[in-house]
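I opened this entry to record what I looked up, residue by residue. The loops come before the core.

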Amino acid sequence: MFSLNDSLNYYYFRGVTDMRKGFDALSGVVRNEMQRNPLSGEVYIFMNKPRTTVKLLRWESGGLVIYHKRREQGRF
């Protein structure tokens, strides 16, 4: 189950992200472009160019979890 709390470290990817990317592609961005380990339990934040969609990637016991939210109006 996806859970977030204040004791976690959050890392925002400053580049534009293609929101069609899934677990493997986002993990590759974390490893290759952010120089971090996607299996560390930290939370990685990705946004699309118009800032209407956000994805959070996190390793939890048993596997990776993606939280995906799309705004119908407005931006993040």
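I started with glutamine 35, which counts as exposed because its relative accessibility is 60%. The cut-off for exposed is over 50%. This is a predicted model, and I read every value below as computed from it.

Next I asked where glutamine 35 sits. I found it in the loop between H1 and E2. I then looked up its phi, which is near 55°, a positive value in a residue other than glycine. I noted the background: most residues other than glycine have a negative phi.

I turned to arginine 51, which also has a positive phi, about 60°, and is not a glycine. Arginine 51 lies in the loop between E2 and E3. Buried, exposed or partly exposed? I logged arginine 51 as partly exposed, because its relative accessible area is 32%.

**Helix H1**

I listed the buried residues of H1: Leu26, Ser27, Val29 and Val30. Seen down the axis of H1, they fall within an arc of 155°, so they line one face of the helix. I recalled the general rule that an α-helix has 3.6 residues a turn, so residues three or four places apart point the same way. On the other side of H1, I found Asp24 and Asn32 exposed. What covers the buried residues of H1? My list includes E2, E3 and strand E4, residues 63-70.

**Cores**

I pulled up the largest nonpolar core and got 9 residues: Phe13, Met19, Leu26, Val29, Val30, Met34, Tyr44, Phe46 and Leu57. Helix H1 (23-32) and strand E2 (43-47) are the elements that give two or more residues to this core. H1 supplies the largest share, 3 residues. I also noted a second, separate core of 6 residues, with Val43, Met47, Val54 and Leu56 among them. The general tendency in soluble globular proteins is for nonpolar side chains to be buried together.

I then checked what phenylalanine 46 touches, leaving out residues up to four places away in sequence. Its contacts include Phe13, Met19, Leu26, Val29, Val30, Met34 and Leu57. Thr17, Thr53, Val54 and Lys55 are also on the contact list of phenylalanine 46.

**Glutamate 60**

My last lookup was glutamate 60, in strand E3 (residues 53-60). Glutamate 60 counts as buried, because its relative accessibility is 11% and the cut-off is under 20%. Which side chain does glutamate 60 meet in a polar contact? I found arginine 58, at 2.9 Å.

Methods:
Residues numbered from 1 in each chain as written. Predicted model: local features only at pLDDT ≥ 70, side-chain atom pairs only at ≥ 80, totals over all residues. Heavy atoms only, no water. Helix = DSSP H or I, 4+ residues; strand = E, 2+ residues; numbered from the N terminus. Buried < 20%, exposed > 50% of the residue type's maximum accessible area, 1.4 Å probe, protein only. Polar contact = N/O pair within 3.5 Å; in protein donor to acceptor, adjacent residues only side chain to side chain. Core = buried A, V, L, I, M, F, W, Y, C linked by side-chain atoms within 4.5 Å. Contact = heavy atoms within 4.5 Å. Arc of directions from axis to C-beta.
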